[in-house]
Amino acid sequence: MRSFRDRDRDRDPALRARRWAGGLALALVLPLAGCASGTGTGTDGDADSGRPGASSTAPAPSATAAPEVRAQLRVDGDVRQYLLHRPPAPAADGDDGPRPLLVAFHGRGADAAELRAKTRLERAATARGMLVAFPEGLGRGWGAGTRATKQRPDPGLDVRFTEALIKHLVRTERADPGQVYVAGFSNGGSMALRMAAERPALLAGAASVSGQLPTGDAAVEPTGPVPVMVVYGADDPVRPLAGLPSPPPDPKEPILPTRSARDSAAAFAAAGGAGEPVTRQQKGYERTVWRLGKEASGGSRRPDGTVQLLVVDDAGHTWPGSTVPPPEGFGPVSRALDATDTILDFLTGPGR
């Protein structure tokens, strides 16, 4: 078993090439349909192919818009990158109104293409008419906690970037501001939970796979009601189900202490005025549900929604239902649950 400092990201290029070979091989063959710039302030090459790119401004939504683009947005002086998946344009007589938006955060040491390949979120979102944005983290990671570090002296940088990205896509892609969701894996899952905790009025729901709320001097506290789903492997060897209150030191990128998966979910339930949870054993996983209180403060769009914790049997630090082999030491992938469909059903369904 590798140490925690090696599991959630890769430091040695040769080691990274071996461990992520399966995921990246699939990711790199998925073509990008275009190249756009969110601000028109620079160029953006086709990073997957190595071809140089040309500067262009973000196009207005149209019936002929490419289904997927690599785009960029300048925020706080940084040019941030993201992949954007657009659903097919509706027929001439179809509904061309605002579309739901999902922002999906990759894990530490990974990238947008790897998460896209592992989750196939864009395929599942197509059937729901959703936009999906896969942003790229600075240094292949996210500032999921509130503690400033040498590597991340501004702990609020990624929160502001996500806010700016959402506003940009509402303006340029007709994303529906009332149907904005976030999701993520591992460090990206913790980032999704941070957004839900600190910006509940901005979101209609959030989901995390293998990610927990930071605690200790990096603590993130939920501030209002929002539907949240936490999916967690019962046998996660990287970020244990019981949390990591005292992670080992890491000089390159500090690993943040975390609550347990249950305590992470329970914190959102408490912020949403939920009552006692109900737990049921289902085939291959255990589901615990808290129902948010109707009188909860915070301006939630769905005060009658739920917070849910799904603990998946025989699953490691992996995305349940994925067909992409995980890195060595991350544990097994459960086939009892399709996390992608489960999350999207939860976020967009009437019974959240």
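**Notes on salt bridges, strands and loops**

1. A good place to start is arginine 140, which forms a salt bridge with aspartate 111, the closest N and O atoms being 3.3 Å apart. The pair links distant parts of the chain, with arginine 140 in the loop between β5 and α6 and aspartate 111 in the loop between β4 and α4 (112-119), 29 residues apart. Please keep in mind while reading that this is a predicted model.

2. The two partners differ in how they are covered. Arginine 140 has a relative accessible area of 35% and is therefore partly exposed, while aspartate 111, with a relative accessible area of 13%, is buried. The backbone of arginine 140 deserves a look too: its phi is near 60 degrees, a positive value in a residue other than glycine.

3. Serine 210 makes a natural companion to that last point. Its phi is also near 60 degrees, again a positive value in a residue other than glycine. Serine 210 sits in the loop between β7 (205-209) and β8. Is serine 210 buried or exposed? Its relative accessibility is 1%, so serine 210 counts as buried.

4. Back to the charged pairs: the structure holds 15 salt bridges. One of them joins the side chains of arginine 86 and glutamate 173, at 2.8 Å from N to O. Arginine 86 belongs to the loop between β3 and β4, and glutamate 173 to the loop between α6 (157-172) and β6, so this pair ties together parts that are 87 residues apart in sequence. Both arginine 86 and glutamate 173 are buried, which you may like to set beside the pair in point 1, where arginine 140 is partly exposed.

5. A salt bridge within a helix comes next. Arginine 194 and glutamate 198 form a salt bridge whose closest N and O atoms are 3.1 Å apart. What separates the two along helix α7 (residues 187-198)? They are four residues apart, so the separation is about one helical turn. Arginine 194 counts as buried because its relative accessibility is 5%, whereas glutamate 198, with a relative accessible area of 22%, is partly exposed. The cut-off matters for this reading, because buried means under 20% relative accessible area.

6. Salt bridges also form a network, which links Asp76, Asp154 and Arg160. Aspartate 76 is worth a second look, as this residue lies in the turn of the hairpin formed by β2 and β3 and has a positive phi of about 55 degrees. That hairpin has two residues between its strands.

7. The hairpin strands themselves are easy to follow. β2 and strand β3 (residues 78-85) run antiparallel and are joined by eight bridges. Which residue of β3 is the bridge partner of valine 69? That partner is leucine 84. Of the eight residues in strand β2 (residues 68-75), seven are buried, so the strand is largely enclosed by the rest of the structure.

8. Strand β4 (residues 99-105) is mostly covered as well, with seven of its seven residues buried. It would be tempting to expect one covered and one open face here, because in a regular strand the side chains alternate between the two faces of the sheet. In β4, however, the count of buried residues is seven of seven.

9. Two strands pair with β4. With strand β6 (residues 175-185), β4 pairs in the parallel sense over six bridges, and alanine 104 stands opposite alanine 183 in β6. With strand β5 (residues 131-135), β4 also runs parallel, and three bridges join the two. Here leucine 102 stands opposite valine 132 in β5.

10. For a contact between parts separated in sequence, try leucine 256 and glycine 216: they are 40 residues apart along the chain, and their C-alpha atoms are separated by 8.5 Å. Leucine 256 is in the loop between β8 (228-233) and α8 (261-271). With a relative accessibility of 14%, leucine 256 counts as buried.

11. Finally, a word on the surface. Asp235, Glu286, Asp313 and Asp314 form a negative surface patch. Where in the chain does aspartate 314 lie? It is in the loop between β11 (306-312) and α9 (339-348). Aspartate 314 has a relative accessible area of 56% and is therefore exposed.

Definitions and conventions. Residues numbered from 1 in each chain as written. Predicted model: local features only at pLDDT ≥ 70, side-chain atom pairs only at ≥ 80, totals over all residues. Heavy atoms only, no water. Patch = residues over 30% accessible without salt bridge, like charges linked within 9 Å, V, L, I, M, F, W, Y side chains within 5 Å. Areas by Shrake-Rupley, 256 points an atom, 1.4 Å probe, with all protein chains shown as cover. Salt bridge = Lys/Arg side-chain N within 4 Å of Asp/Glu carboxyl O. Lys, Arg positive; Asp, Glu negative; His and termini not counted. Charge placed at Lys NZ, Arg CZ, Asp CG, Glu CD. Buried < 20%, exposed > 50% of the residue type's maximum accessible area, 1.4 Å probe, protein only. Pairing = 2+ DSSP bridges.
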